[in-house]
Structures are given as C-alpha cells and as structure tokens.
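Colleague: Could you take a close look at one part of this model for me? I'd like to hear about a sheet first, and then how it sits alongside the rest.

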Amino acid sequence: MKRFLVAAFVGAFALSSVFAGGSGEAAGAQNTPYTIEVGGSTSVTPLMEKFAEAYAKVRPHVKVNINPTGSGDGIKNAGTLYQIGMSSRELTPAEQGQGFRVETVAIDGIAVIVNSANPVGSLSVEQIRDIYTGAAGDWGQVSGSGKSGKIAVVSREAGSGTRGAFEELAGIKKLVAGANESTSTGAIKAGIAQNADAIGYISLGSLDASVKALAVGGVAASSANVVNGSYKLARPFILLSKADAHAESKAFLEWMLGPEGQAIVKTSWIPVK
Amino acid sequence: MNPNGQNAETRDGCAAKLDVCGLDLYYADFQALKNIDFRLARHEVAALIGPSGCGKSTFIRVLNRMNDLIPSCRVSGKVMLDGEDIYGAMDVTELRSRVGMVFQKPNPFAMSVFDNVAYGKRMRGLRDKRQLAEVVEVSLTKAALWDEVKDRLKKSALSLSGGQQQRLCIARSIAMQPEIILMDEPTSALDPIATGRIEELIGELKKDYSIIIVTHAMHQASRVSDRTAFFLLGELIEFGDTREVFTNPVDKRTEDYISGRFG
Amino acid sequence: MKKRVFLDGLLYGIMALSLCGVIAVLGYILVYIFRQAAGSLSFGFIFRSAREGGILPMVVTTLYVVVVSIAISLPVGIGTAVFLTEYSGNSSLVRILRVAIETLAGIPSIIYGLFGLLMFCRFLGFGQSIIAGAFTLSIMILPVIIRTTEEALKSVPVSFREGSLSLGTTKSQTIFHVVLPSALGGIVTSAILAIGRVVGESAPVLLTVGLSRNIPRTVFESGRTLTIHLYYLTNEAVNPDDFGIAFATAGTLVMVVVAINTLTKILTRKFKNSQGDAS
Amino acid sequence: MNRKYADRFFQYFFRMVSLVSVLALGAILIFVFAQGLMPFVGATAPGIRLVVQNIGELAVNGRVYRNVPDSISLEEDARFISLRFPSGDAGEEVVDIEVNADERDARKRLVFARNPSAKVSYPEAYVVTLGWPGLMAGRDRKIHIILPEPPYSPVEFIGGMQWQPVRDKVFGVFPMIAGTVLASLGAIFLGVPVALLCALFMAEFLADRPAAFARGAIELLAGIPSVVYGFFGLMVIVPAVKNVFGIAAGNTLLSAVVVLALMILPTVITIAESSMRAVSLSLKEASLSLGASKMQTAWHITLFHAHSGVIAGIILGISRAVGETMAVILVAGNSPQLVFSPLESVRTLTATIAMEMGYASGRHSEMLFSIGVVLFIMILALNSLILRLRRGMDVV
C-alpha cells in the first residue's frame with residue numbers, strides 16, 4: 001500500500017514536470033512550436049476557427065487556441081491571457097485607453113430573424129425599436145400582413161457585443177421587461193425555429209435555413225447590402241493586441257488582415273480591405 | 001405423540017378461542033414449524049418456551065399473520081379464531097386488530113404518548129376526539145401507566161423509561177380492544193423491577209384477554225401462565241398445565257430443557 | 001372498511017403511477033437524446049477531431065482534467081479521511097474540519113467556478129487552462145472522496161487494527177499495511193464517484209478550463225471537455241449538423257455515466273463481500 | 001527508533017493534509033468575498049480619467065501632452081479640468097470644466113464653464129464624451145471623461161429592482177433573488193410530492209429486484225448532464241408551455257420549475273428512500289399488529305419516522321435547484337424582472353453569473369461576484385439547516 005502511494009506521488013510529480021517542461025515559452029526560432037491563445041467574442045469565433053484552420057496549413061508549427069468566452073473577456077484579457085482578443089463591438093470609453101492595438105478584421109451584419117412560418121418579411125428600424133422597447137407588443141401593430149398575436153422578444157444578454165451593436169444601431173435605450181435573454185446564437189435560433197411569435201437577432205454569418213431573416217427598411221439582410229451601405233445593422237469584428245506581442249502572434253494578425261485572411265472573411269462576412 | 005391429548009377438558013369445556021390445526025410453515029425450503037396443533041381458551045395465559053430458534057416467535061407471528069411480511073414464507077394448515085379461518089376470507093387488518101402484539105424491545109412510535117395509544121383506533125377510522133381521549137385513558141389505566149403519564153400525554157413517548165415504554169406498547173395494543181394479545185419476550189430488554197411490573201400487569205390483563213407469551217425465563221412462564229408449551233426444532237413437544245409441565249413433564253426433552261441440560 | 005381498502009388501492013395506484021412516470025420521463029429523455037444523435041453517433045465519432053465532426057479533443061481534455069484532478073484530490077482526500085477516522089479525537093480541529101467539509105459539499109458548482117477563475121486563472125496566472133480547472137474541480141470533489149473513504153475506513157473492523165497493534169507495529173504501519181488495504185474497495189469507489197462528478201460538471205469547467213477545441217499538448221493549455229462541448233454546440237449551433245453532434249456527445253456522456261454507475265455498483269458489492277469474508 | 005519517527009511524521013502528515021479542506025474553504029471565502037464586496041467599499045478609480053481619441057496634442061490643466069497617451073489620470077482631488085488643444089486653422093479648442101465632487105448625480109457633477117465648442121454626450125453612466133468633428137471623415141476627435149463610480153450601496157444592490165449593468169450601471173438583484181427563490185420553491189412543490197410518492201413506493205411496496213431497477217434508473221437520471229436537461233426543456237417543455245397556455249414564448253418561470261423539478265427528483269428520491277429504508281422494521285410491525293393497513297403504515301409510520309431524512313433530502317434538493325445553472329439558462333427566459341405570474345420570463349442568480357461573466361467588464365464583473373456572495377450566503381443558510389437537522393437526527 002505504501003509502495004503504491006509512493007509510486008502514485010512520484011508518478012504525479014513526474015507527470016506534472018513533463019507538463020511543465022512542455023509548456024516552456026517557445027523561443028524566437030523560426031519553427032519552434034508555438035501556441036497563440038485567442039479569446040473573446042463568441043460571434044467572432046466561427047471566423048477565427050476558419051482562420052485557425054487555414055493558418056495551420058501556412059505555418060504548421062503554430063497552433064491557435066480559441067476561447068470563445070465573450071467580448072468583455074476578450075477585451076479585458078487581451079495582451080495578458082490572450083495574445084489576441086476578439087470583440088464584436090466597439091470598445092466602451094472605459095475599455096479604451098489601455099494601449100491596445102485595435103484592428104477591425106471584418107464587418108458582420110446583424111440579421112433580425114423570425115420563425116419561417118411568420119408572414120412578416122420586412123420591418124423598419126423604427127418598428128424594430130418599438131418592438132424591443134415595448135412600444136409595440138403585438139404583431140398586429142407592425143405586420144400589415146395579417147399576422148397578429150403577442151410578440152415574443154428575444155435578445156442577447158447584457159454585455160454581449162451583438163446586443164450592444166444592435167441596440168446602438170436600432171436606438172434602443174432600454175429593453176422591454178419580460179424579453180427573453182439568451183446567451184447564444186444557437187439558443188436563439190433554436191428558440192425561434194420552434195416559436196412562430198418570436199423575433200430575435202443573430203450574426204449574419206450564422207444565419208441558416210432554420211429561421212427567416214427580415215429585411216430592414218426594405219433592404220434584404222445580405223453581405224452585398226452591408227457592403228454598399230444600404231443595410232444599416234452591421235458591426236465590426238475587432239481584434240485587440242498589445243505592441244509587445246510575440247512575433248508569431250503579430251505574424252498571424254498580419255496574415256488575417258492580408259489578402260489570404262480577407263479571402264476567408266469573404267466566405268460569410270464582409271472583408272475590410 | 002399428540003401433546004394436546006391430555007388437554008381434553010379444554011376441548012370439551014368452554015369453546016376454544018384459538019384453534020391451530022396441523023400447521024406447517026416454510027421459509028423457502030426450510031421447514032420452520034412442523035405440524036403444530038395448539039388450542040387456547042378464553043382468558044387463558046399460555047407461555048411458549050424453548051431454546052432460541054425453535055420456532056416460538058415464528059409461531060406467534062403466524063397467529064396475526066405478521067409472517068406475511070416475509071416473501072419466502074409459506075403456511076399450510078388451519079388457524080381458526082372463533083371458528084373462522086384467519087388465512088381464509090378474513091381481512092388481515094381486521095385480524096390484527098383482534099389479535100394484538102407486543103414486541104421484544106419496546107418500540108413506541110416517535111410520537112406523543114397520546115398519539116401512540118390513539119394510533120390504532122385512528123387508523124381504524126375513529127376521528128372523534130372525546131372518544132379517542134377515553135380510549136387512551138382506559139387503555140393506559142389498564143396498562144397501569146395512566147398515573148405516571150397523565151400529565152405528559154403530549155410528550156414524546158421516547159422520553160419514557162424502558163419499562164414505561166413497554167407498558168405503553170401494551171396500552172397501545174389494549175386500545176384496539178383485542179381478543180388475544182401476543183407477547184414476544186416482552187421483558188427481555190427490561191430490568192428486574194420493570195419486568196416484575198409487566199408480569200403483574202399480565203395477571204391483571206388475563207381477566208379481559210387471552211394472552212400468549214413467548215419467554216426465555218422459565219420462572220416467568222411458571223409465574224404468569226396457566227399453560228405452557230415447549231417448542232423444539234419447530235415442533236410442539238409438549239403443551240399442558242404449567243405446573244404439570246414444570247414439575248412433571250411427559251417428554252424427556254422437556255425435562256432436559258427445564259432442568260437446564262441444554263438450551 | 002370498504003372505503004379504506006379503496007383508498008389504499010387508489011394511493012397504491014398513484015404511487016405506482018408516479019414512479020412509472022418518472023421512469024418514463026427518463027426513458028423519454030434517453031430516447032430523445034439517442035434519436036437526435038442517430039446520424040452522428042458511431043464508434044469513429046469518438047476518435048475523430050472536432051473539425052471532422054468528432055470529439056477526440058474533448059475526450060482527451062476530459063481525460064486530462066479527470067486524471068489531474070483525481071491525482072490532486074485522491075491523496076488529499078484519503079489523507080483527510082485517515083486523519084478523521086484514525087487520529088482524530090474530539091478536538092476543535094476535527095469539528096472545524098467537519099464543518100468545512102460539509103460546507104464544501106454544499107457550495108454550488110458555479111461558485112467553485114468563480115473561485116477557480118479568481119484564484120487559479122487570475123491570481124496564480126494559469127489562465128483558462130486544464131490545470132486551473134483540475135485544481136478547481138479537485139477541491140469540489142474533495143468532500144465526495146473524504147466521505148466515501150471515511151465510510152470505507154470506518155467499516156474496517158476495530159479488531160483488525162487491534163490485531164495489528166498487538167503485534168507491536170506502529171500506528172502508521174497499521175494504517176498503511178492493514179487499514180488502507182482493507183478499505184481499498186471503498187477508496188476506489190470514492191475515486192469513481194469523483195470521476196463521475198468531474199465528467200458531468202459544466203459551469204465551473206466553462207469558467208476555468210475554457211472552450212478551445214484543440215487537442216491540448218500540456219495541462220497549461222485551455223481545452224474543452226465533453227460537457228462544455230455539448231453546451232457550446234447546443235448554444236452556438238453554427239453549422240446545421242451541430243445539434244446531431246451535440247446529442248451524440250450527450251449520448252456518449254450518458255453511456256459514460258452508466259458505465260461509472262455500473263462499475264461503482266460492482267465494486268461496492270465486491271467490497272462488501274470481501275468485507276464479509278474478512279470479518 | 002526510526003519507526004517511531006516515521007510514525008510521528010505520518011501523524012503530522014495526515015493532520016497537515018487534512019488542513020487542505022479547511023484552507024480551501026478559507027480561500028474560497030476570502031477570494032469570492034473579497035472580490036464580491038469590492039463594489040461596496042471603494043470607488044472604481046481614485047480620480048477622473050480621460051480617454052483621448054484622434055487628438056495629437058493636448059494640454060490638461062496646463063500640462064501639455066505632445067504624444068497623447070490613450071489614457072490620462074487626473075489627481076484625485078482635481079476641482080478643475082481645463083482642456084486645450086490646437087484645432088486646425090481655427091486655432092485652439094478650449095474646454096473648462098468645474099468638478100463638483102459633492103454632487104451625487106453623476107450627470108451634474110461636471111459643470112462646463114461656458115458653452116463648450118464640443119458636442120457633449122453621455123454614452124453611459126459615469127462617462128461624459130466631448131466630441132468634435134474630425135479633420136478626416138470617420139476620425140472624430142473625442143475626449144471621454146470617465147468619472148469614478150462611488151461605492152455602491154448594498155441596500156440598492158439587494159433591494160434594487162433594476163439590472164441595467166452596461167449603460168446605466170444599475171445593479172439591483174432583487175428580481176434575481178426572487179427568481180431563484182420562486183424557481184426553487186416551485187420545483188420543490190412540484191418535485192417533492194412526486195419524489196416522496198416514488199421513494200415510499202420503492203421503499204415499502206416494491207420487491208427487491210424491481211426496486212433495484214428503479215434505483216438504477218433514478219441514478220441514471222441523476223447522471224444526465226444538466227445541459228441535456230436544459231436542451232430537453234428547451235425543445236420539449238418550452239413549446240409545450242407555450243401551446244398549453246397560448247402565450248408568446250414558453251421560456252417562463254413555469255418551464256424552469258418543471259425542468260428543475262425533474263432535476264431534483266433523483267436527489268430527493270435517493271435520500272428519502274434510504275432514510276425510509278432505515279426506519280426500523282419493528283415500528284412497521286407494531287403498526288401492522290395494531291390493525292393498520294400496509295398503506296397506512298407506509299404513510300403514518302415510515303414517512304413519519306423518516307421525516308428528518310426526508311427534510312434533509314428536500315433541502316439538498318433546494319440547494320441543487322438554487323445552484324443549478326446551465327439548464328435554467330436555456331429555459332427560463334432570463335429577463336431580469338420581478339415576476340408575478342409563472343408564465344413570465346424569469347432570471348436566477350446563477351444564470352446571471354454564467355450568462356454575463358464572459359462579457360462583463362469593470363464593476364459589472366465585480367458585481368457578478370457579489371451575486372456569487374449572495375448565492376453563497378443563501379446556500380450556507382441552507383447548509384446550516386441541514387447540519388442542525390442531522391444533529392437532531394442523531395439524537396433520535
């Protein structure tokens with residue numbers, strides 16, 4: 001028994017020292033394995049995953065670890081926990097002024113979505129504002145297409161980049177009490193897919209056939225319309241880093257902003273360059 | 001080898017309260033009771049003696065069908081209460097309210113003294129408070145406990161002493177106005193003084209009830225009972241007048257047991 | 001009389017119905033999970049990387065978390081249980097210790113998550129990593145291990161200890177050579193119970209281990225456990241087939257839970273039997 | 001003699017090891033409380049901070065910054081802010097501000113000496129933004145004046161009805177406390193009767209084999225990850241609630257209650273059943289021998305004598321319901337409002353922490369820890385109740 005315990009202890013120590021050894025900071029040498037920690041907005045994550053996948057072919061020794069935690073976390077820990085922080089909203093005044101290098105890597109539209117069975121196809125920005133502030137509580141007040149019934153308003157949680165951008169763009173000061181708050185795109189999509197009375201908003205890049213995107217002010221939610229400026233609900237995808245970042249992470253950042261990276265952005269989002 | 005043979009006067013005299021005939025009992029494949037014949041008259045106290053594991057307790061648990069709780073237990077033979085087969089059409093809860101039981105260790109419920117005594121009646125549907133109070137008082141008086149607990153009927157029964165608890169359990173049985181009270185070594189967990197009081201009580205209760213008492217203490221059997229039955233290895237060896245059994249047993253095994261040669 | 005028989009029967013029916021209801025709900029949840037998972041669940045699913053729709057990185061991360069947290073928690077838990085059963089008198093330390101263990105057992109897991117985030121991720125600077133999560137979880141499972149081990153140690157008959165001590169061995173020798181080996185079954189059971197808790201935990205893992213879906217190379221990297229993968233997929237559901245993968249993950253988790261339950265039962269039975277033989 | 005030292009060593013070793021639990025609990029208390037109490041004891045920053053965008057040269061209170069840093073901290077007791085910077089051909093932009101530190105209303109704390117040339121806006125509480133049109137399009141020149149937030153009142157925190165953490169910086173958690181209490185109580189009212197029926201049935205009426213099967217099933221129910229319950233709730237219970245009651249959205253208190261009731265079932269059943277099994281056979285026999293039926297015995301004797309175990313099970317069930325996070329987020333709707341009907345969207349304490357932790361910054365993030373403290377205190381109270389009951393049980 002004693003031998004067993006001793007062996008267990010020794011084993012544990014050996015194991016941990018191996019782990020510790022493995023984590024040693026990569027030196028500047030060209031092909032030393034290096035891990036770039038990226039963290040922040042869940043909305044930026046699908047794009048970052050595509051970046052990481054493609055970058056693995058460009059520089060196989062570099063691994064990109066993505067932590068989809070949230071924009072607030074991404075901004076707070078950029079330069080410390082994460083070499084690159086992701087945010088799906090502009091920085092608040094309090095978050096600015098920390099010496100970040102702030103780069104917009106892509107533009108993302110925000111799609112206002114309803115159930116596929118909902119006859120409403122278009123809302124104006126004002127109508128959307130009325131729905132989200134509680135001025136309009138029934139589909140009959142906004143639809144004009146015979147749809148009626150109480151509106152189930154679905155929003156994101158406080159602090160979400162998508163919510164921040166959406167509220168700012170639509171001019172929503174205070175969300176109607178009783179609106180459902182969901183933590184994520186998927187939960188909103190799943191909720192709206194089975195509720196004919198619901199309205200919500202998600203990243204345009206995450207839109208799929210399970211729900212229907214509304215035209216806003218008569219302009220369809222599409223990348224083309226975001227690019228030409230006619231679709232107003234759009235926000236930037238921002239990457240934050242510090243000047244003293246590791247060379248590998250700087251290289252990755254440049255690559256994302258370069259032609260190869262922007263070609264990837266083009267698949268579902270709107271490139272900035 | 002019919003130990004009841006010599007008790008013809010009981011059979012012929014007053015009608016038997018309880019009549020057990022050719023009783024066999026099995027736990028799965030093990031036969032715990034073998035062909036038991038047993039009679040009990042009204043207002044009679046019968047003591048069951050015998051070494052541990054001889055089937056005494058099993059036997060009295062047949063009489064109010066407590067053995068039903070053991071899934072592997074099978075019974076054959078006839079048990080008649082006032083001429084009615086207790087394993088026949090009789091409702092088991094009906095039977096049990098007619099045949100009460102007091103257990104080896106005092107086992108009052110963790111309720112008040114009053115609730116303990118009133119429990120059985122309440123379960124039989126008695127809700128009237130006055131009637132319940134009366135039942136409780138009468139039963140506790142009969143169990144010679146009233147004077148000791150009348151001021152703390154609302155106190156937990158667990159606060160009573162061991163002997164008081166056992167008398168409370170007796171009162172609990174009496175409250176049901178049973179016809180027979182079965183007592184399974186009721187004094188084995190008590191000190192000599194408490195034991196003495198219970199024995200006195202049995203003498204009193206005899207006036208109203210028939211009693212079967214299982215006991216390990218030979219002197220207790222001789223003190224409280226009218227008749228004594230000796231069980232050995234699941235068989236009823238001898239059943240007769242207590243004085244007879246103790247002074248002049250018919251069977252050699254009874255004599256060996258009583259004189260302490262085994263057991 | 002008739003009324004009572006009827007009432008008893010009615011109650012019996014209600015009770016039977018509620019138990020059947022609960023088991024039916026369980027069955028429904030299981031059917032629901034496995035039907036949703038139908039297209040995705042296969043043997044290869046467990047061994048493919050996340051980009052190919054598999055869950056290999058999550059399996060590896062989960063294993064890492066389990067191994068590290070058990071490696072930390074088991075020695076501490078056993079040591080504490082030994083102290084409580086073998087050395088403790090009725091000192092104030094023991095009373096404080098018992099209150100501490102009871103309290104630890106009752107703290108909601110999200111608070112462990114907050115603590116882990118503050119202490120291991122930020123204060124000690126591990127960041128969101130397997131090691132931070134494992135430390136957090138190892139504190140969370142400590143009460144489970146202590147309690148179960150203590151029960152096992154208590155069930156070792158005093159005569160064993162007396163027998164050993166009467167041969168002139170020291171107390172620690174008795175503990176290592178007699179008490180602990182006799183309680184081995186219980187200790188293993190406690191470890192399995194703890195593993196079950198670690199595998200099924202989500203909130204604290206989300207806060208401390210992170211969400212990275214690469215295969216972690218070291219414990220200082222962030223990773224994604226099975227439960228978090230499930231949470232993330234159901235939440236984000238970026239690709240249409242994510243729900244299928246999520247439920248296949250849920251199915252895998254349920255099977256792990258069944259395996260752990262069965263294993264615990266077998267061990268408990270074995271343990272009880274061997275105790276019976278010994279005493 | 002070596003043996004003796006080894007023995008002594010191990011004695012101390014085990015004592016030291018056992019201290020880990022105490023230390024861990026202490027660390028949890030210290031870390032969570034220290035962070036959680038922060039908003040109530042101090043301001044967010046010692047003094048006013050300026051964040052400058054797109055301005056090349058700036059003089060603040062006479063001090064000239066040529067390479068303007070992103071952020072300038074003023075002295076703690078600065079009474080005036082005088083801002084000057086060259087502006088294209090027009091010469092100089094001048095803003096003089098008097099700081100009225102005693103003013104409680106943050107919006108009135110800054111008094112502009114004369115009408116400033118800039119556009120003054122209040123993007124969020126405790127932030128005043130001065131904006132000038134940019135020299136280039138999209139390069140608006142801005143100075144954000146970030147006022148320190150004073151210590152938050154604990155009364156407003158616990159009793160506050162509004163949770164507007166981002167723009168208004170109002171942190172009232174009363175709706176969430178009520179939500180947690182209501183959801184847990186609802187789950188108890190719904191789940192406990194079913195759980196007790198099941199436990200009593202398993203303990204008293206089922207034969208060994210079916211009982212073992214039922215116990216296995218219930219353990220399995222306990223082992224299903226909570227996310228799965230949540231998703232099951234979202235896909236099955238939420239639509240059902242919507243359709244049955246004809247409301248706009250099924251993400252309601254009721255849905256949360258149903259899911260939580262399901263989740264506490266195994267906890268309550270397992271503990272209640274084992275304490276029912278522990279009720280001595282002799283008590284049941286005594287009851288039966290008094291002519292009570294099996295059902296009466298089960299309800300009046302078994303349940304009665306197992307009550308402390310049953311209550312302990314219920315309390316553990318409550319603490320599981322209070323602490324549950326992931327499942328509730330998916331079904332409860334999460335609107336931070338005080339609910340008066342089971343058909344309204346509701347948010348719990350745990351949901352707030354898990355939902356907003358990733359996004360929160362500054363005081364908002366600290367406030368989430370304060371919610372953790374509230375939760376902690378609720379659970380501690382429940383735990384001490386269990387401990388007291390346990391002690392009560394030992395006496396009987």
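Modeller: Sure, let's start in chain D, bearing in mind that this is a predicted model. There, 5 strands make an open sheet, ordered 4-1-10-9-8, and the pairing is antiparallel. Strand 4 (71-73) and strand 8 (119-124) of chain D sit at the edges with a single partner strand each, so one side of each has no neighbour in the sheet. From one strand to the next, the twist averages 25°.

Now zoom in on one edge. Strand 4 of chain D pairs with strand 1 (residues 49-53) of chain D in the antiparallel sense, over 3 bridges. If you want a spot to centre your view on, try D:Val51, which stands opposite D:Ser71 in strand 4 of chain D.

For a second sheet to set beside it, go to chain B. That one is an open sheet of 6 strands in the order 6-7-8-3-9-10, and its pairing is mixed. Its edge strands are strand 6 (99-102) and strand 10 (235-241) of chain B, each pairing on one side only. Ignoring direction, neighbouring strands here are turned by 20° against each other on average. Strand 10 of chain B runs antiparallel to strand 9 (residues 227-232) of chain B, with 6 bridges joining them, and B:Phe230 stands opposite B:Glu238 in strand 10. Helix 8 (residues 192-205) of chain B packs on this sheet, where it touches strand 3 (45-49), strand 7 (180-184) and strand 8 (210-214) of chain B. The direction of helix 8 makes about 150° with that of strand 8 of chain B.

Back to chain D and its partner. Of the 5 pairs of chains in contact, C and D share the most contacts, whereas chains A and B have no contact, their closest C-alpha atoms lying 44 Å apart. The C–D contact draws on 75 residues from chain C and 72 residues from chain D. Between them these two chains bury about 6,600 Å², with 81% of it on carbon and sulfur atoms. On the chain C side, C:Met15, C:Leu19 and C:Leu114 lose the most area to chain D, together 10% of what that side buries.

As for polar links, the count between chains C and D is 5 residue pairs in polar contact and 1 salt bridge. The side chains of C:Lys265 and D:Glu219 meet in a salt bridge, at 3.5 Å from N to O. Helix 1 (residues 2-37) of chain C supplies the largest share of the chain C side touching chain D, 18 residues. By type, that side divides into 54 nonpolar, 15 polar and 6 charged residues.

Notes. Residues numbered from 1 in each chain as written. Chains lettered and ligands numbered in written order. Predicted model: local features only at pLDDT ≥ 70, side-chain atom pairs only at ≥ 80, totals over all residues. Heavy atoms only, no water. Contact = heavy atoms within 4.5 Å. Buried area = accessible area lost by both parts, 1.4 Å probe. Salt bridge = Lys/Arg side-chain N within 4 Å of Asp/Glu carboxyl O. Polar contact = N/O pair within 3.5 Å; in protein donor to acceptor, adjacent residues only side chain to side chain. Helix = DSSP H or I, 4+ residues; strand = E, 2+ residues; numbered from the N terminus. Nonpolar A, V, L, I, M, F, W, Y, C, P; charged D, E, K, R; others polar. Pairing = 2+ DSSP bridges. Axes fitted to C-alpha atoms, helices over the stretch in contact; angles between N-to-C directions.
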